[in-house]
Amino acid sequence: MNTSTLEKMRKMKFFGIFHAFKSSMETGKTNDHTADELLALLVDAEWDDRQNRRIERTIQYAKFRYKASVEDMHYHAERSIDRNQIMRLADCTFIDRNENVLVTGSTGIGKSYVASAIGYQACMLGYRVFYASTPKLFAKLKMAKADGSYIKELAKLERTQLLILDDFGIQPFDAQSRAALMELIEDRHGKTSLIITSQLPVSKWFEVIGEKTVADAILDRIVHDAHRIELKGESMRKKRSVEPAKSY
């Protein structure tokens, strides 16, 4: 009877209940609980399993470059990272308010790690996140223009509650990429959130975007009321070459 019940659980994809009930049978603990307690245990196991699988799917969808964690971040004074600010951002209420986060600093200082750590936290809390290298994303959008999938790609990006644009401004925007950026920002403005990382200070973004009218419109939507994180200090890559570190 129990074998048949387990098989039905598996086929119905009640994997949490399946494993919890199977474990209880194998350890002989099914008789240690009342019917109500056993039911609660099985339901909790199924709930936890589904939550964990949902988080895994969300993280896979996000396509982070590497795994990052707010808890593993280094809050050294010379890097100018405000722990309180990071913790406030980690609760992800800025996403509910459709606010942006701008992370700037020199190469190797840990901008991508900070952005990814906040992104991972957002995934854990159930937000739909997508991480992209800015040059690669806009190269992909150019290809989408050519093959007719451009609108579909923009719609996919618009559905994400948090879009992380890494390495923004690493190369100047040409006319096609600038137009795509304007569409992307316009579609998301006031409805979703961005995290943007850049080697350049925000004051230099105008030059990178180019074309005064478009740059003004884009920056007005990106920068207004955005949370700023300006990292300073020595490149973490150089530090790791001298003294290995597990995180940023």
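**Where two domains meet**

Visitor: How many salt bridges does the rule find across the interface of domain 1 and domain 2?

Guide: The rule finds zero salt bridges there. In this predicted model, no Lys or Arg side-chain nitrogen of one domain therefore lies within 4 Å of an Asp or Glu carboxyl oxygen of the other.

Visitor: What makes a pair count as a polar contact, and how many residue pairs do so across this interface?

Guide: Two residue pairs do, both at pLDDT 80 or more. Each pair qualifies because an N or O atom on one side lies within 3.5 Å of an N or O atom on the other, with one able to donate a hydrogen and the other to accept it. By class, the side of domain 1 that touches domain 2 has two nonpolar residues, two polar ones and one charged one.

Visitor: How do you know how much area is buried between the domains?

Guide: The value is about 530 Å², and carbon and sulfur atoms give 62% of it. On the domain 1 side, 76% of the buried area comes from Ile 55, Thr 58 and Ile 59, more than from any other three residues.

Visitor: Which residues does Ile 59 touch, beyond those up to four places away in sequence?

Guide: Ile 59, found in helix 3 (residues 35-62), touches Phe 64, Tyr 120 and Cys 123. Domain 1 covers 3-60 and domain 2 covers 63-240, so these contacts, with heavy atoms within 4.5 Å, run from domain 1 to domain 2.

Visitor: Where do helix 7 and helix 8 come together, and what makes up their contact by class?

Guide: The axes of helix 7 (residues 134-147) and helix 8 (residues 150-158) come within 7 Å and cross at roughly 140°. Helix 7 brings Leu 137, Lys 140, Leu 141, Ala 144 and Lys 145, while helix 8 brings Tyr 150, Glu 153, Lys 156 and Leu 157. That gives five nonpolar, no polar and four charged residues. Tyr 150 belongs with the nonpolar group because Tyr counts as nonpolar here.

Technical notes:
Residues are numbered from 1 along each chain as its sequence is written. This is a predicted model: local features need pLDDT of at least 70, side-chain atom pairs count only at pLDDT 80 or more; totals for chains, interfaces and linings use all residues. Side-chain values use heavy atoms; hydrogens and water are left out. Domain bounds come from an automatic or database domain assignment. Buried area is the accessible area (1.4 Å probe) that two parts lose on being put together, summed over both. A polar contact is a pair of N or O atoms within 3.5 Å; within protein, one must be able to donate a hydrogen and the other to accept it, and residues adjacent in sequence count only if both atoms are side-chain atoms. Axes are lines fitted to C-alpha atoms, for helices over the stretch in contact, and angles run from 0 to 180 degrees between N-to-C directions. Helices (H or I, at least four residues) and strands (E, at least two) are DSSP runs, numbered from the N terminus.
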